[in-house]
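Let's look at how the words used for a protein get pinned to numbers. Have the picture open and read along.

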Amino acid sequence: MSVSAPAQPRTLNTFLGRWTMYRLTVWLLLACVLWSFVLSLTGVLFYTPTELAATAATAVASALVTSRVAGLLLRTRPQTDSSLITGLILYFLFWPGTDGAQLGIVALAAAVATASKYVLAVRRRHIFNPAAVGAFVVAAAGLGGAVWWVATPWMLVAVLPASVLILYRNRLLPMAGVFVLTAAAIIFVRFLAAGEAPVEALTIIAGSYPIVFLAGFMLTEPLTLPPLRWQRLAEAAVVGVLFAVPFSLGPVAMSPELALLIGNALAFATGQRGAVRLRLKSSRALTPTARELVFEPTRPVRYRAGQYLELAVPHFEPDSRGSRRIFSITTAPSAPDTVAAGLRVADPSSSFKKSLLKMRPGAEVTATAVAGDFLLPRDTTKPVLMIASGIGITPFISQLRQACGEGRDVVLVYAASSIDELAYAAELQELDVRVLICTPTDPGFAGGTWLGPGLPGADVLKREVPDLASRAIYVSGSPQAVASARKAVREAGGRRVRTDPFLGY
């Protein structure tokens with residue numbers, strides 16, 4: 001029996017995938033801003049709507065103007081979403097007001113924050129969270145530190161769900177969880193030691209510390225994260241400790257923004273050193289609805305099979321999907337002088353993809369991040385089961401190309417809507433891997449087994465892969481396909497399943 005997902009299921013992944021992580025963050029920050037005005041109008045917040053509006057307008061305007069000026073000076077296209085995020089975060093950090101001096105401090109913090117993306121950067125990739133830099137510099141200059149007024153019980157009503165959505169969309173809930181638990185546990189112990197009642201201590205921690213806001217909107221900023229899961233968890237723990245333990249570094253007192261900056265420095269030490277310039281070498285059709293772009297990096301790229309890169313393609317009037325997108329790397333790490341990415345190009349296409357696909361050989365783009373934990377076991381004797389749906393084959397191609405010659409025992413289940421949509425079909429037939437094909441008609445796949453249409457159900461998996469329970473299991477594809485395959489695997493006796501859902505397709 002084979003199973004398939006509904007044609008157009010409405011899921012949270014499908015909804016969130018309509019926007020890039022940057023655009024989604026903008027919308028959620030704006031929702032929190034709107035909520036702050038509601039609280040002001042109802043008298044819950046001390047600040048007046050005029051004070052909130054003046055602070056928000058100043059922070060956002062300063063960030064946008066600084067970004068435009070820096071873009072002109074450095075001949076780069078400014079990232080509007082990034083500037084909006086920086087300005088909106090700083091809105092929640094400094095006292096709202098209409099006083100000219102106070103607004104000047106807010107403007108300065110936003111300008112410094114935005115400038116740090118260009119000044120405190122290596123190969124066009126900034127090292128530190130911009131808003132944290134702006135807040136820290138203003139405080140270090142003696143102009144007044146950030147007060148994080150967002151940390152109020154009623155603001156948590158909006159901040160908590162917004163943070164959860166961002167973390168869920170970016171698959172960073174575990175990292176945020178480590179930070180929140182570490183910081184909250186230490187602060188809780190401090191309160192108990194001071195004689196505070198447990199319930200009151202927990203209430204103060206939840207409503208008066210910016211733990212959730214920092215976790216959702218700042219700690220997990222994609223460009224400042226280390227590439228691997230364990231590194232991210234370690235960074236979260238370090239920042240959590242620094243956040244919760246009050247001490248000073250000489251004349252500088254520890255603060256939430258300084259704790260984050262130290263974590264950013266540690267992350268930079270473990271990750272890809274800066275952005276990578278990629279020059280388009282060639283492009284080829286994989287299927288009628290998918291292509292593979294092959295790039296030559298200006299310097300070798302460090303990555304592991306199964307990881308992804310984020311491409312930045314600034315273009316005129318980007319749509320809601322923005323100018324940055326994540327794609328799985330399809331080449332093998334053993335050939336770092338060539339980096340390829342497979343992508344779906346079916347209409348309607350985003351403004352990003354239209355601009356990317358119009359590029360001719362020799363054109364350059366920037367890879368702003370290389371990361372991911374969708375990695376094969378280091379033990380090459382561990383048998384593996386891969387389940388791919390549609391364009392979800394791309395991370396597996398990198399892994400299979402790298403695994404060639406390692407002697408791995410690999411079974412690949414590959415589902416596609418038609419024979420024509422089987423990407424890398426010729427290459428798969430040449431690799432030493434057992435392939436189970438799931439298409440409406442038999443493709444006559446050399447060395448493969450045709451299972452019929454749709455992803456296989458539990459009974460078919462148990463029949464075709466009897467040792468499934470002992471295999472490391474990986475599933476990649478659309479969120480709907482991943483959910484369907486994961487359910488079938490677990491019903492068939494599979495244990496831990498690593499997944500790589502492709503959002504926004």
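Buried means under 20% relative accessible area, exposed means over 50%, and partly exposed is in between (1.4 Å probe, protein chains only). This is a predicted model, where local features need pLDDT of at least 70, side-chain atom pairs count only at pLDDT 80 or more, and totals for chains, interfaces and linings use all residues. Residues are numbered from 1 along each chain as its sequence is written, and side-chain values use heavy atoms, with hydrogens and water left out.

Q: Why is C438 called buried?
A: Its relative accessible area is 1%. The cut-off for buried is under 20%, so C438 counts as buried. C32 also has a value of 1%, so C32 is buried as well.

Q: How many disulfides does the structure hold?
A: Zero. To count, a pair of cysteine sulfur atoms would have to lie within 2.5 Å.

Q: What makes A193 exposed or buried?
A: A193 has 68% relative accessibility, so it counts as exposed; the mark to pass is over 50%. You'll find A193 in helix α8 (residues 173-193). Helices here are DSSP runs of H or I with at least four residues, strands are E runs of at least two, and both are numbered from the N terminus.

Q: And what about A265, in helix α12 (residues 256-270)?
A: A265 has a relative accessible area of 35%, so it's partly exposed. Its C-alpha is separated by 41 Å from that of A469, 204 residues apart along the chain.

Q: Why is helix α14 (residues 394-403) called largely enclosed?
A: Because eight of its ten residues are buried. The buried ones are T394, P395, F396, I397, S398, Q399, L400 and A403.

Q: How do you know that the span of helix α5 (residues 100-119) is close to the expected one?
A: The expected span is 1.5 Å times one less than the number of residues. With 20 residues, α5 should reach 28 Å, and from first C-alpha to last it reaches 27 Å, which is close.

Q: What puts the buried residues of α5 on the same side?
A: The buried ones are Q102, L103, I105, V106, A109, A110, A113, T114, S116 and K117. They cover an arc of only 160° around the axis, so they sit on the same side of α5. That arc is taken from the directions from the helix axis to the C-beta atoms. On the other side of α5, G100, A101 and V119 are exposed.

Q: Why is the pair of W148 and F213 called edge-to-face?
A: Rings of Phe, Tyr and Trp (its six-membered ring) pair if their centres lie within 6.5 Å; planes under 30 degrees apart count as stacked, over 60 as edge-to-face and the rest as tilted. For W148 and F213 the centres are 6.5 Å apart and the planes make 80°, giving edge-to-face. W148 is in the loop between α6 (130-140) and α7 (156-169) and F213 is in helix α10 (residues 211-219), so the pair ties together parts 65 residues apart in sequence. W148 and F213 are both buried.

Q: What makes the size of the protein agree with a compact globule?
A: The rule is 2.2 Å times the number of residues to the power 0.38, with the radius of gyration taken over C-alpha atoms. For 505 residues that comes near 23 Å, and the protein has 24 Å, so the values agree.
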